[in-house]
Structures are given as C-alpha cells and as structure tokens.
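Thank you all for coming; I would like to walk through one structure this morning, going from a sheet and its helix to a single loop residue and then to another helix. Please have the sequence and the model open as I speak.

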Amino acid sequence: MEMASLHYRSSRILHLFVGVFVAQLTISLSAKVYVVYMGSRTSDDPDEILRQNHQMLTAVHKGSTERAQASHVYSYRHGFKGFAAKLTEQQASEMANMPGVVSVFPNLKRRLHTTHSWDFMGLVGEETMEIPGYSTKNQENVIIGFIDTGIWPESPSFSDDNMPSVPAGWNGQCQSGEAFNASSCNRKVIGARYYLSGYEAEEDLITSVSFKSPRDSSGHGSHTASTAAGRHVTNMNYKGLAAGGARGGAPMARIAVYKTCWASGCYDVDLLAAFDDAIRDGVHILSLSLGPEAPQGDYFNDAISLGSFHAASHGVVVVASVGNEGSQGSATNLAPWMITVAASSTDRDFTSDIVLGDGANFTGESLSLFEMNASTSIISASEAYAGYFTPYQSSYCLESSLNNTKARGKILVCQHAESSTDSKLAKSAVVREAGGVGMILIDEADKDVAIPFVIPAAIVGRGTGGRILSYINHTRKPVSRIFPAKTVLGSHPAPRVAAFSSKGPNALNPEILKPDVSAPGLNILAAWSPAIEKMHFNILSGTSMACPHVTGIVALVKAVHPSWSPSAIKSAIMTTATILDKNRRSITVDPEGRKGNAFDYGSGFVNPTRVLDPGLIYDTEPTDYKAFLCSIGYSEKLLHLITRDNSTCDQTFATASALNYPSITVPNLKDNSSVSRTVTNVGKPRSIYKAVVSAPTGINVTVVPHRLIFSHYGQKINFTVHLKVAAPSHSYVFGFLSWRNRYARVTSPLVVRVAPTSLGLMR
C-alpha cells in the first residue's frame, strides 16, 4: 500500500513538473514580460499580495494554476504593489482592465549613462570631507543604495577600517552568489542583492552574464559607488595618470548594492524589484546612473519614475542622471520627485601633444600612454581606402575599410560622426590592425572625452583637425609624432557643460525644468572592477559619473539635516548652485563654447560648500505631487489607485508650473501669468530677504512681496511672481530670481516661452 501511495505521489509530482514545464513552454512561445503596476501598498500582508497576484494570473490563464505559476516573474509587495509576469498581448490587455490596476507596460531595457572632482568643488580633507562650520560625522548613519552593475567589495575604496558597526534599523541582506558570499559585505558595503529574472526572460544568458551575484564584472557600479561614497585611497591613478589621494563625497556613508544591470542593460522588472527591496531595507538615498532613451514615456509606465515616486513617498532621496544624448529636449529621468543631474567638466585634463614636421604643436585629449620614439609619416585615412570602401567611408576608419599597404607604419587622421555610437576605442584598433602606428581622431562634439586608445592617439576638434589636414595636403612628405598622455591641471574655463550631456526642455512636462543641476562628469577617476583588464581604477565620462557626485552631496546634507525631506534637500542643492565658472564668467557649453542656460545645467553647477546653509528652501508635501498629477491630466480614480488613500483632485493646480519647485518654468505665456511659491526659513530665525531679478529677455517680472521678513525658524512665507510679455521672442528665454541678504543667496532659474498666439497678437 505504501509503495502504491509513493508511486502515486511520485507520478503526481512528475505530472505537476511536466505540467509546469509544458505551461512554461506554451507561455514562452507567444508571451513577453510585462509589469502590472497596482499603486501604493496599503496595509495588506505581503503574503496576501502574493496570493492576489496569483489569483489575477490564474484568471487570465483561464483557471490554470500551473500556467499562472509558470508565468510569474516577481511580486512587488514592500514599497508598492504589483508584479511582473510573462503574458501575451491579449492577456496584458485583459490585465489592464482588471480592478486595481494602474498600468501594464512591457519589460523595457534601460541603459547605463556612461577624485580630483571633489577638490575642484571645494571639499577638502582625506576622510571626513568636512564643510567648514558643520560636522558631517553623522554620515556614518546614512545609507546610500546604488542600483547599478554591482560592486567589487575588495577595492580599497570600500574598506571598512575604523568604521563603526552597521546602523540600527538596517533591514537589508548580503545575498550570496557566484564569487560573492556573506563575508563579501562589511561595515562599509552593508548590503548587496542581485536581480536577474527580468534580464533572463529577454536575453541569452550564456553569452551575456558574468558573476551571477552582486559582484561587478563591468566596473560601472564600483565607479559610481566610489565616486559618491568611496574611502580615501592614498595613491589612486590610471596607469600613472591623475595620481594622488582620492575619495568619494561622503567617505564614511554606508553602501547598499542592488545589481540590476548586466552586459546589455537593465530591465524594468528588475529595477522595480530593486526599488521595492531598497525601500524595505531602509536606504536613505538611491543613486541611479541609468535611464530610458529619449523621449521618455509617462511616469507610471516608466520603472525609474514609478519606483522613485514610491521611494520619495517613503522619504528616500532619488538621484538620477539626465542621459548622454546631448541634443536639445533629450533629457530623461524627468519626474519632479527625483534630482536629475547633467555633466560638466572639472579643471583637470588628460592631453597628448601632437607635433607636426613643420614644428606646429597641438594638444589632443587622450588616455593613451603608448610611446612614439620618432616622427613618422602622417596621412588622411581617406587615402588608405580599401576594397569596396570609398575614400569618404574609409576616412571614418570603419572596420576592414583600410588598406594595409597604404596604412602600414603611418599615423592616420580619422573622422568621427557627431551623433555616432561607433566606438572611438575600436577605431584605434582598426588602425592598428591595418598596420598604422598612431591615430588623430577628429571629433567636434566630444573632443574633451579622454579615451584609452590601443596605440598612440588623441582626439582633436574640427578646427585643429582642419589645420592638421591642411598641413598634410600642402606638404610633400608630411610627418608627425604623438606623445603619451599627461595630466594637466588648471585647464580653463571650468566648469563647462559636457557636449554629451542631455539637455532640456522637459519633453513630458515642460513646466518642470530638467536637468535640475550639473556636476563633474568628464574624465572622472574612481574605483573599477579588476575583472576588466585587471584594472583597479579607471577614468570614465558620462552623466553616469555626474549623478554620484550629487548623491555624495545629498549624503552630507542628510548627515547634518537628517529630518529634511527629499524635496528640501533637493532645494538646498539647486538654490545654492552657481551659473558662473571659476573665473566668474558664465558657464559655457561644449563643443561650441556658447553661453549656457538652464536647459544645459538646470539651476547651475553644484556648490557643496554652501549647500548645508541654504537660508530658505522650497519644500513639497506628498499632497503637492498628487495635485501635480491632477494638473497634468490624471483622473481622481487613477490617483486613488496610485496612492491608495482618499486623495482627490479638489486641490489641483491650474498648471503644473504651480508645483512648489525650486525653479520656475512657464512654457506657454499668453500675455501675462502669475506663479506662486512658498519658502521655508531654515537659516537665521530673524532674517529679511530681498528679491533680486534678472528678467528673461522681453519679459517684465515683478515679485510680490518684494521683501520676505522672517521671525522664526521653520516659518513659511508665500510670494507670487508676475510675468508679462513686453517684447515677444520665438524661443525660450532665461533669467533668475534670487532672494538675498548678507548671509545667503537663494536662486531659482526663470524659464519662459511666449505662446504662439501671443506672438501673433503683439505684431
């Protein structure tokens, strides 16, 4: 009898296994992974949420529990409600119409937005990063979560020497996996998790995953974490370049790692799982050096906007990069509840000297340390065209486009297309394979981004490139020599906005200025993963590098003002930023050197020495974001689903410009308009501020009241900015409003575009 019962049980288990396997096979043939988002978590038991998710999945699978289980990928049940599952288009559509569902969207892929920088911004000191007049010792109780490619915990940047025990209230974990176990965490890296299910559902794992664990195989995550919160390393350098002591912005803050990004990118369902865990784990800040491609979708169909909404609702500050698409209107990570960061230069450069046979000397950007012992022949790559390639195609040094006989032993001058994603590093390899011994790459757009070329090589702009080509064309036997890269300090002007940094206006809601601020993102030295070429440190450029600079500053503000809300911290960073470079001139924008504006740098370049005492702050309550959502067209029903409370649209704003944001943008001014703001006194209890206005061209600006008189700390005062068209222009115009006294300057950008109808009326 027992044998028969055992046989029966085994056959049932086998049938269940076969059933689930067949179910998975059936699902995988026509299904894709979708996120089913169901708004804020109420007091539901997490296990009850899981049961509800399975009920909904069973319903769209016509009552089959096996298929429902097989299709389930993740449940989100801590910071917000929802799940990820493999669904057909029809099932996704059915799911979208079920009660309680806010949105259903496909599992899209996000891209990574790929030190002396702290000295340049005015923070000094090896380990404390103290700001004169304040103690930031409490940073050891601040926990920063990094949603990225993981971490290399053995790096000296993540040492826990002399760090106290892990802060009370930390609920995170150290997840074991390939080449990573519980002892890989320490008092510095206090948590580490990894997320693979969303990636697994979309990609071929065999070729694209290394380290199924929180260990960083790409270097990006280690670089961003050490930029924000790395310990002091006495001799950090890249192959001898940029040598010296280096550290992150908050070297005593704690790090928690959420590895969601793999070889080809980061998938939405994994990102949401990381947000969900990070909120429960107890992080204070989340840093994301990644984002969607422009144009960005609606807030609640975008994993980063959605996750950060719930993080901010739980008091977590979210910092994200604006993107690397460089063009106007390409800014991403546009939600008002996150801090969005653009990239600027510092005053440190990595340059190679280029000497021509006629004695002319030029400098180009490079990280190549290869030596050329003597001058050698130099030709335009177009002269070395091969096979079916035209001279024009070969001038771009494309793979297989160069004739070995013509290129051998020579320096080649190659072109780089402005919006091209072609690898510049790969071009140097193409030249080397053709027998070339050096390369000069003409690239106007990103001529300041240093690249570790595989031969002696450097990047120059179009002007310098033209002069070099002219020398080649007018000389019988042109020769040149490229010298190894060297570190140059004090390059002027600095900071400049990097050419690759994505620009405003905000394509989703132009009333919200994006980016918010800019920070160093050009040629940044930080920790790396030795899984890549056994390198422990590397120099990278991107808004990916700018984002953690702001994350580090947020940690210092959090250390000194632990009770400040995410919007108060954001306000302090924005209103103390500067629009002037180190020579007190207007910040310019690469590559053309034009005068910058708020679409390039937001409120300006961050100034950590002023951020702890901003004087006044523009704070927002959760109700303000609800009113903002109503003002951009969210219905009361949808709002209820997102917030799961009794929110109504009774208190909505007339326009999204009315959100109490630290910048003021009116994208559709029809003759005149008024915008109100509320400031909170966080400076001296008894203080008076006077309004100083630099009006956008063609706009009359009046501020009422013109003086703000405070009698106590925490006091709030409302003011109104009246805008009137005086001389209309066809494009956006820029100015600023600054509340000033002897001790503080609280500055907000003013960005205005006159409505087309007004233009017609004014003629």
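Let me begin with helix H4, residues 89–96, which lies across strand S1 (32–37), S3 and S4, and which runs at about 155° to S3. I should say at once that this is a predicted model, and I ask you to hear everything that follows in that light.

The strands I have just named belong to an open sheet of four strands, in the order S2-S3-S1-S4, with antiparallel pairing. Its edge strands are strand S2 (72–76) and strand S4 (103–106), each of which pairs on one side only. On average, and with direction ignored, neighbouring strands of this sheet are turned by 20° against each other. If we look at S2 and strand S3, residues 82–87, we find that they run antiparallel and are joined by four bridges, and that Tyr74 has Ala84 in S3 as its bridge partner.

Now to the loop between strand S14 (290–291) and helix H10 (303–313), where Asp302 lies. Is Asp302 buried or exposed? Its relative accessibility is 1%, and therefore Asp302 counts as buried, the cut-off being under 20%. Setting aside neighbours within four places in sequence, Asp302 is in contact with Phe105, Arg110, Pro292, Gln296 and Gly297.

Finally, helix H16, residues 566–575, has ten of its ten residues buried, so this helix is largely enclosed by the rest of the structure. Among those buried residues are Ile569, Ile573 and Met574, and also Lys570.

Definitions and conventions. Residues numbered from 1 in each chain as written. Predicted model: local features only at pLDDT ≥ 70, side-chain atom pairs only at ≥ 80, totals over all residues. Heavy atoms only, no water. Buried < 20%, exposed > 50% of the residue type's maximum accessible area, 1.4 Å probe, protein only. Helix = DSSP H or I, 4+ residues; strand = E, 2+ residues; numbered from the N terminus. Contact = heavy atoms within 4.5 Å. Pairing = 2+ DSSP bridges. Axes fitted to C-alpha atoms, helices over the stretch in contact; angles between N-to-C directions.
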